[in-house]
Number of protein chains: 2
Amino acid sequence: MLDEETKAVPRDCGDCPIRHRAVCARCEADELESLDQIKYYRSFEAGQTVIWAGDKMDFVGSVVSGIATLTQTMEDGRTQMVGLLLPSDFVGRPGRDEAAYDVVATSDMVMCCFRKKPFEELMVHTPHIAQRLLEMTLDELDAAREWMLVLGRKTAREKIASLLSIIARRDASLKLTKPTGSMVFDLPLTREAMADYLGLTLETVSRQISALKRDGVIQLEGKRHITVPDFDRLMEEAGDDNDGGMLA
Amino acid sequence: MLDEETKAVPRDCGDCPIRHRAVCARCEADELESLDQIKYYRSFEAGQTVIWAGDKMDFVGSVVSGIATLTQTMEDGRTQMVGLLLPSDFVGRPGRDEAAYDVVATSDMVMCCFRKKPFEELMVHTPHIAQRLLEMTLDELDAAREWMLVLGRKTAREKIASLLSIIARRDASLKLTKPTGSMVFDLPLTREAMADYLGLTLETVSRQISALKRDGVIQLEGKRHITVPDFDRLMEEAGDDNDGGMLA
DNA sequence: CTGTTCTTTTGATCTGCATCAAGGATGCCA
DNA sequence: TGGCATCCTTGATGCAGATCAAAAGAACAG
């Protein structure tokens with residue numbers, strides 16, 4: 001069915017758009033050289049599955065461009081997204097042979113892959129890689145825990161607002177701007193994918209987006225292009241406290 | 001209000017009950033020696049708060065005995081537990097100054113603490129510590145993601161069954177037995193804490209526990225002592241698939 | 001043993017979101 | 001240009017779990 005085409009995309013680490021954010025961020029020139037020797041690029045089309053949960057996984061890698069999702073599925077088909085992978089995010093786990101989750105490209109995507117075995121060996125001699133990976137994993141753990149609050153305790157409206165504020169913030173950080181005032185961005189997810197992320201149905205997602213639009217929290221152009229006139233207002237709707245203390 | 005009593009509990013690393021599971025698990029004798037120099041013990045009583053989210057945190061550490069919870073709270077009081085800390089689990093994050101979550105001891109608890117600064121310095125020269133911490137953090141990330149599925153997609157009954165099966169499994173692993181057949185253990189949490197973990201109300205928790213008891217999935221003695229006559233049955237109720245493939 | 005507090009159970013009712021159902025918009029391919 | 005698929009919106013209805021309320025154990029101090 002799916003044509004798992006693998007296409008080489010030669011590139012120099014020096015020009016790499018994720019050079020200073022990915023797992024290689026802290027590497028010196030010589031370390032980068034070693035990584036360069038075991039790396040290869042893979043391209044995926046929107047909708048293509050990178051790997052299925054339970055499949056043997058003999059590589060790890062970084063998202064270079066595009067977006068992928070990490071999802072878990074129960075036997076009866078209920079699915080929950082457990083991660084949204086953006087450029088520089090790491091895929092796979094050193095020391096594990098099988099993929100723990102389904103990984104699906106939701107847009108055209110390019111990954112910088114390393115064969116797992118050589119990567120693991122390299123990690124032993126290259127503390128900068130292990131250090132960076134630890135830092136990234138701790139960040140992901142924080143993100144997962146923040147998401148647990150969203151899933152466990154927020155209302156549908158708050159969930160949507162939380163997702164929008166996260167996407168807006170991430171978009172701002174790519175553009176190296178602060179998330180304030182008016183913001184414009186595109187939704188990288190379908191309503192169904194949003195529902196899977198938020199633990200809702202796609203109908204509820206659609207209704208709540210309409211409600212936020214009706215209430216002036218967001219403006220919509222087409223289905224995907226979003227304008228947030230007031231980011232603080234969005235944060236309020238998300239139930240997050242941005243005025244949080246810190247009066248030291 | 002809370003009497004944050006700090007009591008010394010001198011102990012030798014060689015005798016430590018979490019020696020081979022904690023962040024120090026991979027350390028050689030000399031590395032252990034270095035850790036030993038910067039460690040100190042703190043005891044907490046049941047109900048005592050270890051640290052509040054946002055507070056300055058100048059230590060990291062491991063739970064030696066007892067149980068603690070990691071929780072997040074919204075301004076209006078809604079709370080979500082984001083982690084259950086058992087013996088050998090790590091508390092705190094190297095490279096971060098403030099606690100991200102409330103940490104509360106739910107039973108009498110002893111922690112082995114390291115001052116953060118010296119610990120961070122030690123990590124640089126002691127790859128075994130960083131390696132083990134990475135491994136533990138990856139495990140926690142997996143656990144958090146499994147919990148996202150529970151919070152986002154499972155019914156109240158499945159949530160309760162999931163929590164019980166996790167506690168049962170953990171209990172089995174402490175006793176070095178396989179989780180099968182009949183199992184007996186104590187709930188380390190109040191109904192309210194269970195509710196905070198599962199994103200439910202305590203009334204719903206109580207009702208579902210009664211229902212599981214009525215249906216013979218569990219037996220109760222007092223409020224806390226649980227017997228699971230058939231672990232596979234419990235797994236089914238949790239919606240987990242334990243017969244999952246693996247026919248290689 | 002009695003009053004107090006904390007935890008838990010159980011009942012009655014309400015409601016937010018799921019479910020079921022239909023139709024609109026957009027884009028692609030023949 | 002029309003057929004088809006994909007994605008999205010909106011309406012009607014139902015139900016799982018929240019909320020409100022009361023009371024029953026259990027632990028403990030006096």
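The centres of domain 1 and domain 2 of chain A, taken over C-alpha atoms, sit 26 Å apart in what is a predicted model, where local features need pLDDT of at least 70, side-chain atom pairs count only at pLDDT 80 or more, and totals for chains, interfaces and linings use all residues. As for bookkeeping, residues are numbered from 1 along each chain as its sequence is written, chains are lettered from A and ligands numbered from 1 in the order in which they are written, and side-chain values use heavy atoms, with hydrogens and water left out.

Domain 1 of chain A runs over 13–148 and domain 2 over 155–238 (bounds from an automatic or database domain assignment). Their contact (heavy atoms within 4.5 Å) draws 11 residues from domain 1 and 12 residues from domain 2. Put together, the two domains of chain A bury about 1100 Å² (accessible area lost, 1.4 Å probe, summed over both parts), and carbon and sulfur atoms give 65% of that area. On the domain 1 side, A:Met81, A:Leu84 and A:Trp147 do much of the work: they supply 51% of the area that this domain buries against domain 2, more than any other three residues.

Next come the two protein copies. Chain A superposes on chain B by a rotation of 180° with 0.0 Å of shift along its axis, at an RMSD of 0.0 Å (least squares on the C-alpha atoms of residues with pLDDT of at least 70 in both). The two copies are therefore related as by a two-fold rotation axis. Both copies also use the same surface, with 100% of the contact residues of chain A recurring in chain B.

Turning to the DNA, strand D is surrounded by 16 residues (near means a heavy atom within 4 Å); the closest are A:Arg191, A:Ser206, A:Ser210, B:Ala156 and B:Thr204. Of the atoms of strand D that come within 4 Å of the protein, sugar and phosphate account for 64%. The residues of this surface split into two nonpolar, seven polar and seven charged (Ala, Val, Leu, Ile, Met, Phe, Trp, Tyr, Cys and Pro count as nonpolar; Asp, Glu, Lys and Arg as charged; the others, Gly among them, as polar).

Three arginines of chain A place polar side-chain atoms by strand D. A:Arg191 lies 2.6 Å from a phosphate oxygen and A:Arg224 lies 3.3 Å from a phosphate oxygen, whereas A:Arg207 lies 2.8 Å from a base nitrogen. The elements giving two or more residues to the surface near strand D are helix 6 (202–214) of chain A and helix 6 (202–214) of chain B (helices being DSSP runs of H or I, at least four residues, numbered from the N terminus). Helix 6 of chain A provides the largest share, four residues.

Conventions: Polar contact = N/O pair within 3.5 Å; in protein donor to acceptor, adjacent residues only side chain to side chain.
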